[in-house]
Amino acid sequence: MCPPLFAAIGAGVASAASAVSGIGLSGLASIAGTGLSAIGAIQQGNAAKAQADAQADAYRRQALIESQTGEYQAQRRQDQINSTIGTQTALVGGSGVNFDGSPSDVIGSTASEGALDTSAIRWNAKNQADTLGYQAKLANIQGKNAQTGSYLSAAGNLFSGLGKLGTQLGKPWGSTKE
């Protein structure tokens, strides 16, 4: 939160309260309106932060899902590769052909290509998850900035209202002179 800001606001309100003795209904309405405006600004910032935090949580959940999905897809691809290599080995063995040379090269190529496929699947999933994690961090930053901005807006509303009240109190009763 912003304790120094709240201390300054409290001091301003306290000084205004000491001056309240000579104000009328319009002055009290001005004080109430200023207070409500400040509270509204803070509530708006808190709501924006809560929404941003919820969005960040959703990004984190999606990042986890992307990682898990990528790992599942890579494992499924590896199972297919293993099956293909098994079939190739069985065909070569069943035909009575020696594994040296071309048959061995084909099986090795299948294994190499399969390793590249599974690595690419994992890499893509990691990139997606990392991007979502980054978006989660940005959402958190936006929420914190909105909340901080609301505190500053609330302070501005309070000081503006107190300044107007001070100007009103400095005038003779019923005067319309500036």
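This briefing introduces the chain as a whole and then visits a few of its residues. The model you are looking at is predicted. Its chain contains three helices and zero strands, and following the sequence from start to end gives the pattern α-α-α. Two of these helices will come up by name below: H2, covering residues 25–95, and H3, covering residues 102–169.

**The chain as a whole**

- The chain has 178 residues, and 23% of them count as buried.
- About 11300 Å² of the chain is exposed, with carbon and sulfur atoms supplying 60% of that area.
- Among contacts in the chain with a separation of 6 or more, 84% are between residues 24 or more positions apart.

**Tyrosine 59, in helix H2**

- A good place to begin is tyrosine 59, which you will find in helix H2.
- Tyrosine 59 has a relative accessible area of 23%, so it counts as partly exposed; the buried class would require a value under 20%.
- Leaving out neighbours within four places in sequence, tyrosine 59 is in contact with Leu132, Gln135, Ala136 and Ala139.
- One of these partners, alanine 136, is 77 residues from tyrosine 59 in sequence, yet their C-alpha atoms are 5.3 Å apart in space.

**A nonpolar patch on the surface**

- Now look for Tyr134, Leu138 and Ile141, which form a nonpolar patch on the surface.
- Together, the three residues of this patch have about 300 Å² of accessible area.
- Leucine 138, one of the three, is located in helix H3.
- The relative accessible area of leucine 138 is 35%, so this residue is partly exposed.

**Serine 150, in helix H3**

- Further along the sequence, serine 150 also belongs to helix H3.
- Is serine 150 buried or exposed? Serine 150 counts as buried because its relative accessibility is 5%, and the cut-off for that class is under 20%.
- A polar atom in the side chain of serine 150 lies 2.6 Å from the backbone oxygen of glutamine 147.
- Which residues does serine 150 touch, if those up to four places away in sequence are not counted? They are Ala41, Ile42 and Gly45.

**To find your way back**

- For a quick tour, start with tyrosine 59 in helix H2, then move to leucine 138 in helix H3 and finish at serine 150 in helix H3.
- Along that route, tyrosine 59 is partly exposed, leucine 138 is partly exposed and serine 150 is buried.

Definitions and conventions:
Residues are numbered from 1 along each chain as its sequence is written. This is a predicted model: local features need pLDDT of at least 70, side-chain atom pairs count only at pLDDT 80 or more; totals for chains, interfaces and linings use all residues. Side-chain values use heavy atoms; hydrogens and water are left out. Helices (H or I, at least four residues) and strands (E, at least two) are DSSP runs, numbered from the N terminus. Buried means under 20% relative accessible area, exposed over 50%, partly exposed in between (1.4 Å probe, protein chains only). A polar contact is a pair of N or O atoms within 3.5 Å; within protein, one must be able to donate a hydrogen and the other to accept it, and residues adjacent in sequence count only if both atoms are side-chain atoms. Contact means heavy atoms within 4.5 Å. Accessible areas come from the Shrake-Rupley method with a 1.4 Å probe; for residues, only the protein chains shown count as cover. Patches are made of residues with over 30% relative accessible area and no salt bridge: like charges are joined within 9 Å, nonpolar side chains (Val, Leu, Ile, Met, Phe, Trp, Tyr) within 5 Å. A salt bridge is a side-chain nitrogen of Lys or Arg within 4 Å of a carboxyl oxygen of Asp or Glu.
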